Amino acid sequence: MKAVKLNGFGGVEVLEYAETQDPVAGSGQVVVEVTAAGVNFMDIGARQGTMGGGYKPTILGVEGAGRVIEVGPDVTEFREGDRVAWVFNLSSYAERIVAPVDSLVKLPDDIDDQTAAAIMMQGLTASHFATDFYPVQNGDVALVHAGAGGLGLLLTQIIKLRGGRVISRVSNESKVAIAKAAGASDVIVDTEGKFAEEALRLTGGEGVDVVYDGSGPSTFQGSLDSLRRSGTFCWYGPVLGGPGPFDIMSLPKSIKIGYAVFLNLIPTPELLRQHTNQLFDWIRSGNIKVNIGGTYPLADAVLAHEAMQSRATTGKLLLIP
């Protein structure tokens, strides 16, 4: 089979579309023929060697959708032909993957493969941020960074679904319309981390109830300055780096700050399937819409990475074997 392999760490030149060994299902595993794989910033971090935590894959990718083509010993939950999706199952940039059954969810007939592949990582992350890490309440005001990206668009919609108001921060004017279409009440165009004054103006000087910031160190201080008294700072996204050491006694306005990791929403197969089914229900009812910003042949993973790093894309990027 063909897969996108890593030949060391660095720029897109370390990606290689090459032949590799076919996977074989072991006990408690299935082999899945991949129909769509999601592209995430963590894939770029893995390629660059900046992810940490010992995450050093030989084949990139952690999410996707496809069809079961082989069932391993002791597997009773899945059969050949089942349509499935997964999140945080390594080596997803491939024509086939081997997956433990605990990482899989069955796809209903009315959720297509590309939608499923686009919703797993970013949908579960957005759900965690807005319903678990900081449960948005009716009337809350949220500042969402990278508001026109796949995660930002889903997060905006879930916040609106829960009765919140969204101020979206985007990198250029071309992204304003898509952020507003997702439900943002106001959009701040900013590339230099100088957004706090506008966020305060839009909230009558009070500040936002919660800020969701995965944009790296350049926005850290601005996010602090944008919060109201006792507001919540949801920090995420290790790829662009952390804020560095800081004195907790210097934090302003009694704010609460934390590092949100979506895996804490789905520590068991039961919770994975429960929260994924909630996403499917929201899609089915029209409460959230998945924006697929681009699809690329698996062989063109380099182009997908270049597009994502350019910050010119909106929505979710997918690779199609």
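User: Are phenylalanine 129 and tyrosine 236 buried or exposed?
Analyst: Phenylalanine 129 and tyrosine 236 are both buried (under 20% relative accessible area with a 1.4 Å probe, protein chains only; exposed is over 50%, partly exposed in between). This is a predicted model, where local features need pLDDT of at least 70, side-chain atom pairs count only at pLDDT 80 or more, and totals for chains, interfaces and linings use all residues. Residues are numbered from 1 along each chain as its sequence is written, and side-chain values use heavy atoms, leaving out hydrogens and water.

User: Cool. How many aromatic pairs are there in the whole structure?
Analyst: Searching the whole structure turns up 6 aromatic pairs (centres of Phe, Tyr or six-membered Trp rings within 6.5 Å; planes under 30 degrees apart are stacked, over 60 edge-to-face, the rest tilted). Phenylalanine 129 and tyrosine 236 make a tilted pair, because their ring planes meet at 50°, with the centres 4.7 Å apart.

User: Which parts does that pair tie together?
Analyst: Phenylalanine 129 belongs to helix H2 (residues 113-133), while tyrosine 236 is in the loop between strands S12 (227-235) and S13 (256-259), so the pair joins parts 107 residues apart in sequence. Helices (H or I, at least four residues) and strands (E, at least two) are DSSP runs numbered from the N terminus.

User: And what about phenylalanine 220 and tryptophan 235?
Analyst: Those two form an edge-to-face pair, 5.5 Å from centre to centre with 75° between the planes. Phenylalanine 220 is in helix H6 (residues 220-226) and tryptophan 235 in strand S12, 15 residues apart. Both phenylalanine 220 and tryptophan 235 are buried. They also belong to one aromatic cluster, together with Phe233 and Phe246.

User: New topic! Where does asparagine 277 lie?
Analyst: Asparagine 277 is found in helix H7 (residues 269-285). Its relative accessibility is 39%, so asparagine 277 counts as partly exposed. From its C-alpha atom to that of proline 217, 60 residues away along the chain, the separation is 34 Å.

User: Which residues of H7 are buried?
Analyst: They are Pro269, Leu272, His275, Thr276, Leu279, Phe280, Trp282 and Ile283. Looking down the H7 axis, these buried residues fall within an arc of 160°, so they line one face of the helix. That arc is taken from the directions from the helix axis to the C-beta atoms.

User: What do the buried residues of H7 pack against?
Analyst: They pack against strand S5 (83-87), strand S7 (104-106), H2 and helix H3 (150-161), with contact meaning heavy atoms within 4.5 Å.

User: What comes just after H7?
Analyst: Glycine 286 does, and it takes a positive phi of about 85°.
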